[in-house]
Structure formats: C-alpha cells, structure tokens
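User: Please take a close look at the surroundings of one bound ligand in this model. I would like to know what lines the site and how the rest of the chain is built.

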Amino acid sequence: MRAPYMTRLGLAAVLFAAAVAACSGGNDDPPGGDNPPDSGNHDSGTPDAGDSGTPSTPDAGPDAGPDAGEPDAGVDAGTDAGTPDAGLPEGTVTIPNKLSELGLFTGSPATSDFQPVAGNIPYELTTPLFSDYSLKSRTLYVPAGKAAVYSASDVLDLPVGTIITKTFAFPADFREPDKNVRPLETRILVRQPGGWEAYPYVWNDALTEADKAVGGKVFKNFEFIDAQGVAKKFDYLVPQRNQCQKCHHVVDEQDNQQLLPIGVKARYLNRDHVYDGQTLNQLQHLADLGKLTGLPPAIQIPRAPDAFNTAEASLEIRARTYLDINCAHCHNPKAQPGITSRLFLDIKTTDEFSLGHCKRPGSAGNGVGGEFDIVPGDHSTSILWYRMNTEESGKMMPEIGRALRHDAGSQLIADWIDAMTPRTCK
Ligand code: HEC
Ligand code: HEC
C-alpha cells in the first residue's frame, strides 16, 4: 500500500533542514498589501469547521481526526460560511498569511502528521512537470455543494472557492525517498469570483508552518543525494507571486493575460490513487464524491501516458506528452512565449514546422547548439534538445522552474528526435 499523504515528512527532516542554508526573499509582502488582518472573514468560500454535514467539512472525515493538529484558527471565527468580506464579491476567499489558516491541512511536517483534511482531495498526474527532482503532493478542494465540470481536452471547469495546492519536498537521499523528507514550499491556486489567483507559501525551518511569501525565496546551496547516490547542490528557487503567471497564463481575445491551472485536465488525472487503502480512479472518485459532473464512461476519457513507462505508449506519444506538460503552458498559440516564438509544443499541434522541425528560432541566440529547433534524426544539433539539456541560465528551457537538468527527460527527447526520419534542414 502507498504510504498516506506525506506522513513521512518527519522530525529527522528538521535536522536536515538545519543543514540547509536558507537566504533572502521570505515574507516581503508589501505593507498594506493584499492581506487585511480581518481573520474573522477567512471562511467565505474556504472550508469551515462549522459547516457541518457536508462531505467537504474539514474535520468530518475519518482520517483527518477531529481537530487534529492546529484548528483552523480564523477560518470559523463567528461568521457564516459564504459571507463575503465587506465589499468583496460573494465567495471571495481571504488569503491568510499562514497556510494552516486556510484550514485545508491538519498537523505539520514537524510532527510527521501533515495531512489534507477530508474534502481536500489528494491527486497525482500521469506525467508531472519536472521541477529539480522535487517530490510533489497535490490536493484539490472544491467547496461544499459545488462541483467541477468535466472537459475532454481543457482544464476542468472549477467553481468559485476551489483551492488547489501543490507541496514541493525533497528527501535527503533519493535512494530512500521516504526518509527525511523536507518540504520547501506549498503553492496554491484559488478560484476567486474574478478569476484565479496564485500564491507561494514557504515552509519555515522548524517545519511547523508555511508562510505566504509573495516575493518568493531562494534556498541557497540546497543539497540532496540523487537516485544514483551522487550529491547535488543547487539554488532552489521558490517563484515570486508575479512569476506564477509566466506559466499559468493564456492570452484571451482582448489580449488580456488570464491566470489558469495547468495540470487538472482529464487526461493527466485519469489514473489510480490510493484513498484510505482503496485503489480508485481519481476522476471516478471525484464523481462519486459529487465533486465532478459530466464524466463520460471510462472508455471515452482520454489518458496521457506516464512519459517514462515504455509499456504505456509509443516513444512518439510519450515524448509529446512530456513536452505538453513541461513546455506547452508557454509554447502554445495562446501564451505569450508561443505567440512570440511560434514554437508550439502542446499535444494538439500536428504541424511539424510549428513543432520545431527545421525551424530557425525567432530570437536567434548564439551558442544554443545549432541553427534549427529540431533537426530530424539528429538531437545533437537540435536547439530544442540543447536547451533542455543545458543548465546555463538564459539558455535553458523551461526558462524558469528548474536549475537542474532532467536527465531522463532530456534523454527521452533525444531518443524522439533521433527516431525521426533524417532530413537536411535549410
Ligand atoms: C515553470 C512553469 C511554472 C511556474 C513558474 C509555476 N507553475 Fe504551477 N504548475 C506548472 C505546471 C506545468 C503545472 C501542472 C503540472 C504539475 O502539477 O506537475 C503546475 C501546477 C500547479 C498547481 C496545481 C494545479 C494545476 O495548475 O495543475 C498549483 C497549485 C500551482 N501550479 C501553483 C503555482 C504557483 C502559486 C506558482 C507561483 C508561485 C506557480 N505555480 C508557478 C508550471 C508552473
Ligand atoms: C516559462 C515559459 C516557458 C517554458 C515553460 C518553456 N519555454 Fe521555451 N521559450 C520561452 C520563451 C520566452 C522563448 C523565447 C525567448 C528565448 O528563445 O529564450 C522560448 C524559446 C524556446 C525555443 C526557441 C524557439 C524559437 O523557435 O524561437 C526553444 C527550442 C524552446 N523554447 C524550447 C522549450 C522546451 C523544449 C520547453 C520545455 C522543456 C520550453 N521551451 C519551455 C519560454 C518558455
């Protein structure tokens, strides 16, 4: 059986954390920023311990335990659920300074009992984004009485009040990935009445709390031992709040940038997860909980393969899946980098030139390994591969979100390019 959600974030991790030199960034919210100290109104749209009887009541669930860990102080301080802050539209979620105050988790990594509350549903993706080898745990909270609407190709249509979380963590040694796991940050996306908002939270060294850090943070000289036993040291970067939309955005018809989730699409969610000891399809589980409507029969639901499982799909489909989840949020016809570079790496693109075949880059930088994005049959002169394989900032792709090379990803794309029918580009 899979171990439950991050229970292994242990005390030993505190010791490990002490070895980590952290610096800069942190809690530099602008004074008078977006977090008025009116803790009494945190509950509009967020889970509320007083909102009894609904499936998403935080501490109603068997595995959350009644008021395990920190009670969600401020969340239920005397106002009715759904009462908006004065002057704010109905359903607005007030964003607290402390992650615990969202009421979505109980316990803490310091005491190895950090758990999503009932109704804050853990999920995994068939193929995730690579982020410097960090382990990620994701949860989806859809407010009581509301549900997501299924889409075959786009992100699920999630109702106002939805909160998605993603926690990034590292074990001290990837050969023992369950031990000494240290969370660094938890990112959240919140569906407000006016659209999505993104916030980073950074875990303190004691691992007792994650604090909102709109300025991001650098964990300088962060160290771990990789799966091969090689020590790695690098600067781990928590993005600033305004960098979230570099990836989480589309440009709409009016030329406005809109923030959006990326991974919560049917094809990436279409996999099993163990819930309370039971292996269930994630989408079916959401539908069974009343949190997803419009789910078609299983056979009709698309599925992106695990890009690194050769048994699941062809090299072509696995490589395209990897590019879709790692690159397409920027390289698509509706995102700024895609619009500028005309390089489209999303799964829908079929035109070879838009995918980079014999395409000269628009922004012709020097020393990026070649003249064309993809030289079919030869990865070693293909810019697309070069920029994935390098760790040089200004050249590497994605341009943010990693400092280290993803060896397996870079190899997958090399294999994909080498398997193409060779062509001389002009
Ligand atoms: C380098 C691009 C990139 C940046 C920068 C980025 N994200 Fe994401 N994020 C992704 C991708 C791709 C996914 C989906 C794949 C996954 O979860 O592994 C994702 C997923 C998420 C999710 C899970 C819900 C979803 O969209 O699927 C949350 C929550 C999230 N990001 C929050 C944030 C916040 C907050 C920031 C800024 C502090 C941020 N992200 C910055 C690329 C990025
Ligand atoms: C955060 C947004 C972002 C992500 C994610 C991203 N890119 Fe880019 N990419 C850009 C921008 C901006 C440019 C144009 C400027 C430049 O060339 O550096 C670009 C340019 C490129 C180019 C040159 C394209 C041309 O024809 O001009 C290649 C090749 C490339 N990216 C590959 C990738 C690959 C492969 C991935 C995923 C592994 C990826 N990118 C992910 C933002 C992104």
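Analyst: The shell around ligand 2 comes first, followed by the chain as a whole and one hairpin. The model is predicted, and what follows is computed from it.

Around ligand 2 there are 25 residues. Those that come nearest are Cys327, Cys330, Pro361, Met397 and Pro398. Four helices each give two or more residues to this shell: H2 (244–247), H5 (315–327), H6 (336–341) and H7 (383–389). The largest share is that of H7, which supplies four residues. Sorted by class, the shell around ligand 2 holds 12 nonpolar residues, along with eight polar and five charged ones.

The chain that carries this site has 426 residues, of which 41% are buried. Its secondary structure consists of eight helices and 17 strands. Among contacts in the chain with a separation of 6 or more, 62% are between residues 24 or more positions apart.

One pair of strands can be described in detail. Strand S11 covers residues 217–225 and strand S12 covers residues 231–238; the two run antiparallel and are joined by seven bridges. Within this pairing, phenylalanine 224 of the chain stands opposite lysine 232, a residue of S12. S11 and S12 form a hairpin, with five residues between the two strands. The turn of this hairpin includes glycine 229, whose phi is positive, at about 85°.

Methods:
Residues are numbered from 1 along each chain as its sequence is written. Chains are lettered from A and ligands numbered from 1 in the order in which they are written. This is a predicted model: local features need pLDDT of at least 70, side-chain atom pairs count only at pLDDT 80 or more; totals for chains, interfaces and linings use all residues. A residue is buried if 20 or more other C-beta atoms lie within 10 Å of its own, exposed if 12 or fewer, and partly exposed in between; C-beta atoms are placed from the backbone. Two residues are in contact if their C-beta atoms, placed from the backbone, lie within 7 Å. A residue is near a molecule or strand if its C-beta atom, placed from the backbone, lies within 6 Å of it. Ala, Val, Leu, Ile, Met, Phe, Trp, Tyr, Cys and Pro count as nonpolar, Asp, Glu, Lys and Arg as charged, and the others, Gly among them, as polar. Two strands pair if DSSP finds at least two bridges between them.
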